[in-house]
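Please write a short report on this structure for a computational chemist, covering its main pocket, selected residues and the confidence of the model.

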Amino acid sequence: MDHISRDTASYRQLRKNLITIAELVDQPISDSIRFLILSEFFQMIALIDSEYTEKTAVTTPPNQSLADTVIAYIANNSSTNITAQSIAEHFRISQVTLNKELSQVTKLPLGKYLKQVRLMHARYLLLSTNYSVAYIANYCGFSSAKVLERNFKAWKKMTPSQYRKAFSKYFNE
């Protein structure tokens, strides 16, 4: 609030509210004093919101329902060999449109989002099952255990086996 002039009516009102609160705090506290303090405080919040908060419109991506549908589709099919191209073909849209719509919601390009979903699913299976890393890689849609290991290590700074050893004891308790 550095840019506020001390001459504005809203500044004077805020100052008045603060002085009133300071005077009320000096009195013996009772329910009515608490109520008066809260009343002054809420007046200040309302004034700050109306006078000093920059209003910005919340924008919803125009095809959010498409993005939601794609996210659900990826969640249900991430263990299959889906790709950006196959997802675009499934929804009969271009890869460019698909990537644009999905990245508006997820803040990630489609390929990275798909990889992240697969990695999180693999992480869950590592912690909750005794399946081999090769099985988990295949089950989660990675082309091989090596690909899972490389991506997992980039994500968690340890291999899937190291991660399982370090954290599965906490997951099963």
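By class, the lining of the largest pocket comprises four nonpolar, eight polar and two charged residues, where Ala, Val, Leu, Ile, Met, Phe, Trp, Tyr, Cys and Pro count as nonpolar, Asp, Glu, Lys and Arg as charged, and the others, Gly among them, as polar. This is a predicted model, in which local features need pLDDT of at least 70 and side-chain atom pairs count only at pLDDT 80 or more, while totals for chains, interfaces and linings use all residues. Residues are numbered from 1 along each chain as its sequence is written, and side-chain values use heavy atoms, with hydrogens and water left out.

The lining has 14 residues, of which Arg-118, Gly-141, Phe-142, Ser-143 and Val-147 lie nearest the centre of the pocket. A pocket here is an open set of points on a 1 Å grid over the protein atoms alone, where a 1.4 Å probe fits, with protein on both sides within 12 Å along at least five of seven lines, and lining residues have an atom within 4 Å of a point. The volume is about 200 Å³, taken as the space filled by probe spheres set on the points, which are joined across faces, edges and corners. Helices H6 (110-128) and H8 (145-156) each supply at least two lining residues, and the largest share, three residues, comes from H6; helices are DSSP runs (H or I, at least four residues) numbered from the N terminus.

The end C-alpha atoms of H6 are 27 Å apart, in agreement with the 27 Å that its 19 residues should span at 1.5 Å a residue (the expected span being 1.5 Å times one less than the number of residues). Among the buried residues of H6 (under 20% relative accessible area) are Arg-118, Leu-119 and Ala-122.

Ser-128 also belongs to H6, and a polar atom of its side chain lies 2.7 Å from the backbone oxygen of Tyr-124. Asp-68, by contrast, lies in helix H3 (residues 64-77). Both residues are partly exposed, a class between the buried limit and exposed, which is over 50% (1.4 Å probe, protein chains only).

| Residue | Relative accessible area | Partner | Sequence separation | C-alpha distance |
|---|---|---|---|---|
| Asp-68 | 40% | Glu-101 | 33 residues | 9.7 Å |
| Ser-128 | 28% | Ser-168 | 40 residues | 7.0 Å |

As for confidence, the mean pLDDT (the predictor's confidence in each residue, from 0 to 100) is 85 for the protein, and 88% of its residues reach 70 or more. Among the elements, helix H2 (residues 31-52) has the lowest mean pLDDT, 82, and H8 the highest, 96.

Definitions and conventions: Polar contact = N/O pair within 3.5 Å; in protein donor to acceptor, adjacent residues only side chain to side chain.
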